[in-house]
Amino acid sequence: LPYNVNLEIGGEFNIRGREGTNLLLVPGKKIVQTSRMNTWQTGYTSTVIFEFETIKGSQALLHFTELNCPSEETKIQEDNWLKFWKNINGVRVDTIDQTIIFKTKGPEMMYNVLKDYKLLAKTLKAKMKFEDNGGCWMHNNKVYSIVTSSIENKQIIQDWRSSDWPEDIYASVVQDLDSHEGGCRIRSKIHMVPYDKVKNVEKQWKSNMWKKIRWYSM
């Protein structure tokens with residue numbers, strides 16, 4: 001049989017060649033297991049940790065960690081998990097961390113540009129489609145963004161997605177602004193970006209946003 005599942009602490013399992021023991025089971029929150037593939041050499045065992053977080057609607061965000069995986073098995077194991085997430089309709093996501101310095105534009109100016117989509121369109125010299133709910137389509141209608149909360153001149157949080165992402169997947173963009181040597185420093189974290197789209201999103205923000213704002217003189 002491909003599956004042998006045990007839902008008790010201390011219970012052993014075998015799921016398509018991955019075998020181990022349950023160390024901790026907290027319903028809806030956390031699972032900790034010893035784990036090994038039956039193709040690994042004798043004596044090799046990893047520890048896997050699943051931590052669950054409810055986000056929008058019925059969506060769940062899973063923080064997954066595997067510790068002590070044999071180094072020669074790391075790439076194979078990463079591929080195994082990617083296939084597993086896909087088989088259960090999961091989307092692996094990652095976080096993009098960017099820090100941008102604007103030497104001649106202060107926090108107030110940058111806050112207004114990033115929060116006001118009409119001002120942003122003027123700054124980028126780009127056509128945008130504005131929605132009644134405050135959202136905006138940009139970059140040839142390929143990107144949707146809407147500000148969900150803000151702290152004046154200090155922080156902007158927005159939901160952001162590209163049209164080629166899986167349905168109902170939105171990144172959370174958190175931009176923290178502060179004064180820096182007469183200008184503005186922005187620490188931008190883009191959470192929940194589909195793993196296979198990370199490089200494209202990094203490039204979009206660098207080329208279509210930060211670089212163009214630097215060139216614009218206000």
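This report describes salt bridges, two helices, a surface patch and some backbone angles in a predicted model.

**Salt bridges**

The structure contains eight salt bridges. Side chains of opposite charge can pair when their charged atoms come close. One of the eight joins lysine 30 to glutamate 51, with 3.9 Å between the closest N and O atoms. Lysine 30 belongs to strand E4 (residues 30–37) and glutamate 51 to strand E5 (residues 46–54), so this pair ties together parts that lie 21 residues apart in sequence. Both ends of the pair have some access to the surface: lysine 30 is partly exposed, with a relative accessible area of 28%, and glutamate 51 is also partly exposed, at 34%.

Aspartate 178 takes part in two further pairings. Arginine 185 forms a salt bridge with aspartate 178, and their closest N and O atoms are 3.3 Å apart. Arginine 187 also meets aspartate 178 in a salt bridge, at 3.0 Å from N to O. Through these shared partners, Asp178, Arg185 and Arg187 are joined into one network. Arginine 185 is partly exposed at 22% relative accessibility, and arginine 187 is partly exposed at 38%.

The pairs described here are listed below.

| Salt bridge | Closest N to O distance |
|---|---|
| Lysine 30 and glutamate 51 | 3.9 Å |
| Arginine 185 and aspartate 178 | 3.3 Å |
| Arginine 187 and aspartate 178 | 3.0 Å |

**Helices H2 and H3**

Helix H2 covers residues 107–115, and its buried residues are Pro107, Met110, Tyr111, Val113 and Leu114. These residues span an arc of only 165 degrees around the axis, so they sit on the same side of H2.

Helix H3 runs over residues 117–124, where Tyr117, Leu120, Ala121, Thr123 and Leu124 are buried. Here too the arc around the axis is only 165 degrees, which puts the buried residues on the same side of H3. What is found on the other side of H3? Lys118 and Lys122 are there, and they are exposed.

Both ends of H3 can be described further. At the N-terminal end, aspartate 116 acts as a cap, with a side-chain oxygen 3.0 Å from the backbone nitrogen of lysine 118. Just after H3, lysine 125 has a positive phi of about 55 degrees.

**Positive phi in loops**

Most residues other than glycine have a negative phi, and most peptide bonds are trans. Asparagine 141 is not a glycine, yet its phi is positive, at about 60 degrees. Asparagine 141 is found in the loop between strand E9 (136–138) and strand E10 (143–151). With a relative accessible area of 47%, asparagine 141 is partly exposed.

Asparagine 153 is not a glycine either, and has a positive phi of about 65 degrees. The loop that holds asparagine 153 lies between E10 and strand E11 (155–162). Asparagine 153 is partly exposed, at 24% relative accessibility.

**A nonpolar surface patch**

Which residues make a nonpolar surface patch of about 350 Å²? The patch is made by Tyr3, Val5 and Leu7. Valine 5 is located in the loop between strand E1 (3–4) and strand E2 (12–15). Its relative accessible area is 53%. Residues count as exposed when this value is over 50%, so valine 5 is exposed.

Definitions and conventions. Residues are numbered from 1 along each chain as its sequence is written. This is a predicted model: local features need pLDDT of at least 70, side-chain atom pairs count only at pLDDT 80 or more; totals for chains, interfaces and linings use all residues. Side-chain values use heavy atoms; hydrogens and water are left out. A salt bridge is a side-chain nitrogen of Lys or Arg within 4 Å of a carboxyl oxygen of Asp or Glu. Helices (H or I, at least four residues) and strands (E, at least two) are DSSP runs, numbered from the N terminus. Buried means under 20% relative accessible area, exposed over 50%, partly exposed in between (1.4 Å probe, protein chains only). The arc is that of the directions from the helix axis to the C-beta atoms. A polar contact is a pair of N or O atoms within 3.5 Å; within protein, one must be able to donate a hydrogen and the other to accept it, and residues adjacent in sequence count only if both atoms are side-chain atoms. Patches are made of residues with over 30% relative accessible area and no salt bridge: like charges are joined within 9 Å, nonpolar side chains (Val, Leu, Ile, Met, Phe, Trp, Tyr) within 5 Å. Accessible areas come from the Shrake-Rupley method with a 1.4 Å probe; for residues, only the protein chains shown count as cover.
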